[in-house]
Amino acid sequence: MSQPPPDKSVQRFVIHDLARHNGHAEFSQDIRVGLSSNPKHLFPKYLYDELGSRLFEAICEVDEYYLTRAEDEILKNHADEIVSAIPDCETLIELGSGSAEKTRSIIEALIRRRNELRFIPVDISATALAESSHVLLDAYPKLRIEAYAADYFQALDILPPLGPKPVLVLFLGSNIGNFEPDEALNFMRAIRRVLRKGDALLLGADLKKDRRALEAAYNDSLGVTRAFIVNELERINRELDANFDLWAFGLRSFYNGEAGRVEVYLESLREQSVDIRALDMSIRFDAGERIHMEHAYKYDVDNLGQLGMQSGFNLERTWFDQRKQFSSNLFVAAD
């Protein structure tokens with residue numbers, strides 16, 4: 001009896017799940033620290049569990065959240081120009097890959113030039129990585145994927161040898177905006193340490209603009225953003241045996257023009273007490289007390305050029321969407 005042919009997609013795909021090995025202990029410690037602090041805060045990286053990743057994909061579809069559409073427009077219109085700046089690139093790395101839907105424009109442009117491509121996606125969600133990788137493997141027979149379920153710094157520390165050809169790193173979606181300014185600089189320097197002279201980074205960055213547009217993007221009328229943000233409380237309920245009442249917290253998002261950032265909070269709608277039994281903690285909230293969830297910094301081209309210079313990159317070129325709401329920035333590793 002003849003044997004079925006081997007599944008080539010398995011041979012072309014491997015995933016390293018670093019998040020699984022130490023993620024629960026780190027999550028527990030960070031929740032303890034954040035909710036013991038004054039003022040209270042939580043960490044935005046924990047928004048992206050399996051449900052959170054799906055909710056963020058839904059955010060990208062709402063009318064107010066222009067960022068994804070604007071970046072997708074740039075990548076579709078300028079992918080060939082972008083990859084032509086990195087001749088002979090054969091390795092593509094994406095930090096925070098998610099569904100990798102926008103990445104397709106870059107993958108296709110690279111495959112048109114080289115036929116074969118190695119893709120190294122990094123995401124905190126192993127489930128999101130597996131799903132997106134199999135979709136990409138089905139669509140692109142010449143693609144090989146080595147995925148890392150990890151946070152950015154973990155992955156940067158253990159990336160495989162990059163090979164002799166130039167490498168392109170993607171950091172899309174204005175994720176750079178979730179870092180405080182000093183953290184953004186440290187992150188860019190961590191990327192630069194991995195790269196060689198001539199390797200490149202394509203960085204998505206949202207631009208400073210009208211307050212109303214920015215605040216609407218982080219508090220849509222359908223409530224999808226609220227569901228995404230409050231899911232971190234539900235994750236604490238699930239994983240740490242807590243009893244947060246999700247409807248007892250409201251979403252508060254506003255633009256701080258002086259700091260150049262959107263600030264996102266959950267606000268306690270009443271005086272209440274929450275037990276986190278796995279941590280043997282009881283936490284009191286006053287009515288109106290806020291939990292800081294994330295900052296979303298906005299940039300201009302001068303800010304970005306300075307960030308690149310301080311971290312060992314030259315900002316070679318910037319592309320904008322038609323309405324100039326968003327930017328894609330090509331940084332090339334300098335001497």
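**Exercise 1. Asp280 and Asn115**

Task: Classify Asp280 as buried or exposed, and then establish which sign phi takes in Asp280 and in Asn115.

Solution. Asp280 has a relative accessibility of 72%, and because exposed means over 50%, Asp280 counts as exposed. This value, like every other one used in these exercises, is computed from a predicted model. Asp280 belongs to the loop between strand 10 and strand 11 (281-285), and its phi is near 55°, which is positive although the residue is not glycine. Asn115, also not a glycine, has a positive phi of about 80°, and it is placed in the loop between helix 5 and strand 4 (117-123). With a relative accessibility of 42%, Asn115 counts as partly exposed, because that class covers values between 20% and 50%. The background to the exercise is that most residues other than glycine have a negative phi.

**Exercise 2. The peptide bond before Pro39**

Task: Decide whether the peptide bond from Asn38 to Pro39 is cis or trans, and locate Pro39 among the secondary structure elements.

Solution. Omega for the bond that runs from Asn38 to Pro39 is near 5°, and the bond is cis. Pro39 itself sits in the loop between helix 2 (18-36) and strand 2. For context, most peptide bonds are trans.

**Exercise 3. The surroundings of Gln272**

Task: Determine whether Gln272 is buried or exposed, and list the residues with which Gln272 is in contact once neighbours within four places in sequence are left aside.

Solution. Gln272 lies in strand 10, which covers residues 272-276. Its relative accessibility is 5%, so with a cut-off of under 20% Gln272 counts as buried. When neighbours within four places in sequence are left aside, the contacts of Gln272 are Ala248, Phe249, Ile283, Arg284 and Phe285.

**Exercise 4. Two aromatic pairs**

Task: The structure holds 19 aromatic pairs; for the pair of Tyr48 and Phe228, work out which geometry the planes have and where in the chain the two residues lie, then consider the pair of Tyr152 and Phe187.

Solution. The rings of Tyr48 and Phe228 are 5.3 Å apart, centre to centre, with 65° between the planes, and because planes over 60 degrees apart count as edge-to-face, the pair is edge-to-face. Tyr48 comes from the loop between strand 2 (40-41) and helix 3, whereas Phe228 comes from helix 10 (residues 224-240), and the two are 180 residues apart, so that the pair links distant parts of the chain. Tyr48 is partly exposed at 23% relative accessibility, while Phe228 is buried at 3%.

For Tyr152 and Phe187, the distance is 5.3 Å centre to centre and the planes are 45° apart, which makes the pair tilted. Tyr152 lies in helix 7 and Phe187 in helix 8 (residues 181-194), so the pair ties together parts 35 residues apart in sequence. Tyr152 is partly exposed at 22% relative accessibility, and Phe187 is buried at 0%.

**Exercise 5. From Phe228 to the largest cavity**

Task: Identify the contacts of Phe228, find the ring cluster that includes Phe228, and describe the lining of the largest cavity.

Solution. Apart from neighbours within four places in sequence, Phe228 is in contact with Leu47, Tyr48, Gly52, Leu55, Phe56 and Ile59. Ring pairs join Phe228 with Tyr48, Phe56, Tyr65 and Tyr218 in a cluster. The structure holds one cavity of 30 Å³ or more, and the largest cavity has a volume of about 190 Å³. Its lining is made by 17 residues, of which Tyr48, Phe56, Tyr65, Tyr218 and Glu294 lie nearest the centre. Helix 10 gives the most to this lining, with three residues, and the lining as a whole divides into 10 nonpolar, five polar and two charged residues.

**Exercise 6. The largest pocket**

Task: State how much space lies in the largest pocket, which residues lie nearest its centre, and which helix gives the most to its lining.

Solution. The space in the largest pocket comes to about 1,200 Å³. The pocket is lined by 42 residues, with Tyr48, Gly96, Tyr152, Asn175 and Asn178 nearest its centre. Among the elements that give two or more residues to this lining are helix 3 (50-59), helix 7 (152-158) and strand 12 (290-297), but helix 4 gives the most, with four residues. By residue class, the lining of the largest pocket consists of 13 nonpolar, 14 polar and 15 charged residues.

Notes: Residues are numbered from 1 along each chain as its sequence is written. This is a predicted model: local features need pLDDT of at least 70, side-chain atom pairs count only at pLDDT 80 or more; totals for chains, interfaces and linings use all residues. Side-chain values use heavy atoms; hydrogens and water are left out. On a 1 Å grid over the protein atoms alone, a cavity is a set of points where a 1.4 Å probe fits but cannot get out, and a pocket is an open set with protein on both sides within 12 Å along at least five of seven lines; lining residues have an atom within 4 Å of a point. Grid points are joined across faces, edges and corners, and a volume is the space filled by probe spheres set on the points. Ala, Val, Leu, Ile, Met, Phe, Trp, Tyr, Cys and Pro count as nonpolar, Asp, Glu, Lys and Arg as charged, and the others, Gly among them, as polar. Buried means under 20% relative accessible area, exposed over 50%, partly exposed in between (1.4 Å probe, protein chains only). Contact means heavy atoms within 4.5 Å. Rings of Phe, Tyr and Trp (its six-membered ring) pair if their centres lie within 6.5 Å; planes under 30 degrees apart count as stacked, over 60 as edge-to-face and the rest as tilted.
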